[in-house]
Structures are given as C-alpha cells and as structure tokens.
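Visitor: I would like to take a close look at one part of this model, and then to follow how that part fits with the rest. Please take your time over the answer.

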Amino acid sequence: MDKKSKMQEEKHLTGTLVLSVFTAVLGFFQYGYSLGVINAPQKVIEAHYGRVLGIAPLARHAINTSGEDGTGAVPGTEPWGGTEGTLAPPADAGEDLGTSPHLILTMYWSLSVSVFAIGGMVSSFTVGWIGDRLGRVKAMLVVNVLSIAGNLLMGLAKFGPSHILIIAGRAVTGLYCGLSSGLVPMYVSEVSPTALRGALGTLHQLAIVTGILISQVLGLDFLLGNDEMWPLLLGLSGVAALLQFFLLLLCPESPRYLYIKLGKVEEAKKSLKRLRGNCDPMKEIAEMEKEKQEAASEKKVSIRQLFTSSKYRQAVIVALMVQISQQFSGINAIFYYSTNIFERAGVDQPVYATIGVGVVNTVFTVISVFLVEKTGRRSLFLAGLMGMLISAVAMTVGLVLLSEFAWMSYVSMVAIFLFVIFFEVGPGPIPWFIVAELFSQGPRPAAIAVAGFCNWTCNFIVGMCFQYIADLCGPYVFAIFAALLLVFFLFAYFKVPETKGKSFEEIAAVFRRKKLPAKAMTELEDLRGSEEA
C-alpha cells in the first residue's frame, strides 16, 4: 500500500505541474530581485540624482541591511523601507539640516527604496477580488503588465528625470509584487496535490532568495552596478515578467477555482488530468465537492467577517502571527551588522562575504523544499524559531564582547550563518504558503489578502524603525529580537497546527471549533483518525 501511494505521488509530479508552478513562482523571483536590486547601485544612483538635481551626494558609512526575506544586501545600503544609514556631516556643518539640499537627496533616495513597500501594501488588499474575478491564471497574466511597465520606467530612467522615473517604476513594481505575493501562493496551493503541497510551497521562498542573490551578483561594479549600466540592472526583471507572461498562456487554470467558484465540472476534470497525468481525478473532485458544499452553506466571506466571525478568528490570528514572526524575527538586523563583523574578522572584501551568505541562504532554502514534507510545517517552523533564538543570543554575546576578545568576531560570524540557515528552514518559506492551507476555498482569498497586507506592513515598519532601534540599543538590539523569537516560539507551539498531508477541509475543521486547543496538531491527528474509522 505504501509503495503504491508513493508511486502515485511520483506520478502526480507531471511536466504540466512543474511548468505551472515554475511559471507562477517567477512572480516571487521578480519580488526578490526588486528587493535586492536597489541596494547595490545606491552610490552611483545617488550620484546621478545629485547631477540631475544639482546636489553633491553625501558620503556614507558602510552599513549592510536586507529586505524582509532574510537575504543580505550589499554594503553601503539600507533597508528598502527605512531611513538611511549613518550620514556624514554636510560640507557646511553650520547649514540648517532642515533646509539642506542634501536632505532633499536623502528624501528622494529613501522614497525610491520605500515606495516599493507602499505599492505592495496598497495592492495586497485587492488580491482576493482580482483572483476571484479573473481566475488565478488570467489574474497573473493581467498584473504582469504592471511589472513590465514598472521595469520599463526604471530601465529608461536616464532618458528623463531619473529620480521621478525610478520612484514611479518602483511604485508600479510594488503594486505588481503586492498582487503577485497573494496570487502565486493561491494558485500553487490549489494546483498542487496534497502530498506535494508543502514542498512546492517552499519554492516561493527559493524564488525570492534566488532573485536577490542574482541581483546582488549582477550589481557588482564590474558587471551592471556601475554608472553606465545601472538602468539595465534596475529594469532587468522585466525579462522574467515577459517570460512569465508567455508561459502563463500554457498553464491550466486552477481546478479548484473552476469547480468550486465557477461550477465547471468538465473543465475542472480536464485541468486535473493535465496537472496529474493519468491519475484518476475523482478522489480530488470528491474532495472539491465536499468543500463546495461547505462553501455554499455559508455566505461569501469578507475581510471584515474574517475578524468578526468566531469561526475564522483563530485561523486569522495564526495566519497573521506567522507573517509577523517572519518580519520581526530580526533577519534584517543580522544583515545590518554583517559587513562590520566580516571586516573585523579580517575579510578583505565584505561584499563577497555577504554574497556568500546569500548563497548559503539559497542552498538551505533548497534543502527546506525536501524537509517540509518529511518533517512537517509546524516542526520546521518551531525548529527554525528556536535556532534563530539561540543564534540571536550568541550574536549578542559576540558583539558585546567583541572589543575585549578578538575571537568573538568568529562567534558572531558563525551566528550570522546559523541565523540565516534556521530562518530558511522554517520562518522564511512557511508563512508564504501555510496561510493558503489554513483556509478553505470560501475565506481563502480574503485571508491571503489580509496576510499579505500584514506582511508588507510589517516589512515597512521594520524598514522605517530598525535604524533608530539599532542606534539606540547598539549590539543589544539582538536581545530584543531574542525576546520576540521566544514569544513567537511559544505562540507557534501552542497555536499553530500541523498541516502536512491534510486536506483543506481537515485543516479548516480545527478552526471551526470555538477554541483552538493547546496542541492543534494532536487534534488534527485525532480528527483524521476518527474520519478514517
């Protein structure tokens, strides 16, 4: 029986399924590229802004930060949603900073970086509406136009007022990424067989870290991160957008959308046969029918109802908390200090060390693809949070004692790599797809929209506030993140259910009860056992 089911699972991984998932996660590749690409050419773009505006650029102390997904940025950069790094004093120290032309340059650069997050926040709320109105595939096709337009604006920045074109391009690209970050998990979770849903879901994070790593490498001075080539660097993800656009024409629509939302039974069967090959689609059709009947018995779920109805409240709290734990885990802080730590450890080229961290990031995201179905979402999420907690404590000790013991720099370096590894094992990839698993077809679009908005908002808050917290607390900033990680670990232990191998209905059944039990995973197992009996 075991061998039979294993063979059937392998058959489920068809060429059409691989093509569909690969095509969808190209949206997350663009997301990752957009997060990382703005960092590398900061100095040359600022210099160009200065020439356009008639302002000499500021000298900056090298710092190193990151986007929300935990992938390192290039030295001399800032968080994409945040304030600048430490600024050198202006040439005229007596000049009023409030009227300094340098402040205008800083404002334009900060806006160039942070407007991406604002675009994502705005558009994330429309994910459910556009996904239901157009269908998953058509919606991804339509929103790709935003990505192509945004990348064109940035790629042509030298032919007009560069600061305006880049800000506009980043805003439009942010709108695309906000929509894509909801539509892609929705589509991938609905086309994936239950046995492969977790593994295929982790590909979202793999696409993000791959996008950032490629943007880091291409952003090196001798490649595209120079005064001549930076517009091409900024607009290059438009190539991925074009590729996704044409590949989407070959992808089948979500069978769950066709069957449950549109009631097109034959089309849903055809879509399933394309995705599953020769497998009998009737088992999945029966599951969809059960879900459809359940959805028909309740009114359409709005965002407001997610919070006001006791039926969904616990699941929404879990969905929001996993997003918050991803963003407030301290991954940005690790990369904020990484360049300085690498320099003190005697690394001649910290930029390459940072790219090395990005490579480790990517490798362990690949490993998590294989772990998530064997170990389970909940177990990996808990292990990741605990590993990050221990690494944060080690990082605090290493930074505090760095001035007294030179070898503490190596403790800090090891802590950086371990922190990144544990992030990519659980808290990095799992929040992207577990939200789609926690809700049935009815509330899923609204839940994904709310979770996406929460993720983008937390992103923006971290970017805006981290610089000030780091300046205030210094190396002790990691003690704050250690405390937060402990809170997130306890919440996940008591409230987050295991979703591995469960149908959407089995998972949703847990949250239909008035109170979520202390160990939801155990209840899911009991539920499944009683159904099998």
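Is His 163 buried or exposed, and what is its relative accessible area?

Guide: The model is a predicted one, and in it His 163 is buried, with a relative accessible area of 7%; that value puts the residue in the buried class because the class takes in everything under 20%. His 163 belongs to helix α7, which spans residues 162-191. When the neighbours within four places in sequence are set aside, the residues that His 163 touches are Tyr 49, Val 52, Leu 53 and Tyr 108.

Helix α7 can be followed onward from there, and two further points along it deserve attention. Helix α7 is one of the helices that supply at least two residues each to the lining of the second largest cavity, and the others named are α21 (430-438) and α22 (444-473). That cavity has a volume of about 80 Å³, and the search that found it counts 6 cavities of 30 Å³ or more. Its lining includes Ser 181 and Pro 185, together with Gln 323, and also Pro 431, Trp 432, Val 435 and Ala 436, while Ile 448, Ala 451, Gly 452 and Asn 455 are lining residues as well.

The other point is Cys 177, which is buried, with a relative accessible area of 1%. Cys 251 also counts as buried, at 8% relative accessibility, yet a search of the whole structure finds 0 disulfides.

Cys 177 leads on to Ser 34, since Ser 34 has Cys 177 among its contacts beyond four places in sequence, along with Phe 116, Arg 170, Thr 173 and Ser 237. Ser 34 is found in helix α2, residues 15-37, and its relative accessibility of 3% makes it buried. The C-alpha atoms of Ser 34 and Gly 211 lie 7.9 Å apart in space, although 177 residues separate the two in sequence. For the protein as a whole, if contacts with a separation of 6 or more are considered, 81% of them join residues 24 or more positions apart.

Phe 116, a contact of Ser 34, also takes part in an aromatic cluster, whose members are Phe 28, Tyr 31, Phe 116 and Trp 456. The structure holds 9 aromatic pairs. One of them is formed by Tyr 493 and Phe 494, whose ring centres are 5.0 Å apart and whose planes stand at 90°, so the pair is edge-to-face. Here the surroundings can be stated in terms of accessibility: Tyr 493 is partly exposed, at 29% relative accessible area, and Phe 494 is likewise partly exposed, at 40%. Tyr 493 also has the charged end of Arg 378 over its ring, 5.4 Å from the centre. A charge over a ring is found at Tyr 259 too, where Lys 292 lies over the face at 5.3 Å from the ring centre.

To set His 163 against the whole, the protein has 25 helices and 0 strands, and 59% of its 533 residues count as buried. His 163, in helix α7 and with a relative accessible area of 7%, is one of these buried residues.

Key. Residues numbered from 1 in each chain as written. Predicted model: local features only at pLDDT ≥ 70, side-chain atom pairs only at ≥ 80, totals over all residues. Heavy atoms only, no water. Disulfide = S-S within 2.5 Å. Buried < 20%, exposed > 50% of the residue type's maximum accessible area, 1.4 Å probe, protein only. Phe/Tyr/Trp six-rings, centres within 6.5 Å; stacked < 30°, edge-to-face > 60°. Lys NZ or Arg CZ within 6 Å of the ring centre and 35° of its normal. Helix = DSSP H or I, 4+ residues; strand = E, 2+ residues; numbered from the N terminus. Contact = heavy atoms within 4.5 Å. 1 Å grid on protein atoms, 1.4 Å probe; cavity = no way out; pocket = protein on both sides within 12 Å on 5 of 7 lines; lining within 4 Å. Points joined across faces, edges and corners; volume = space filled by probe spheres on them.
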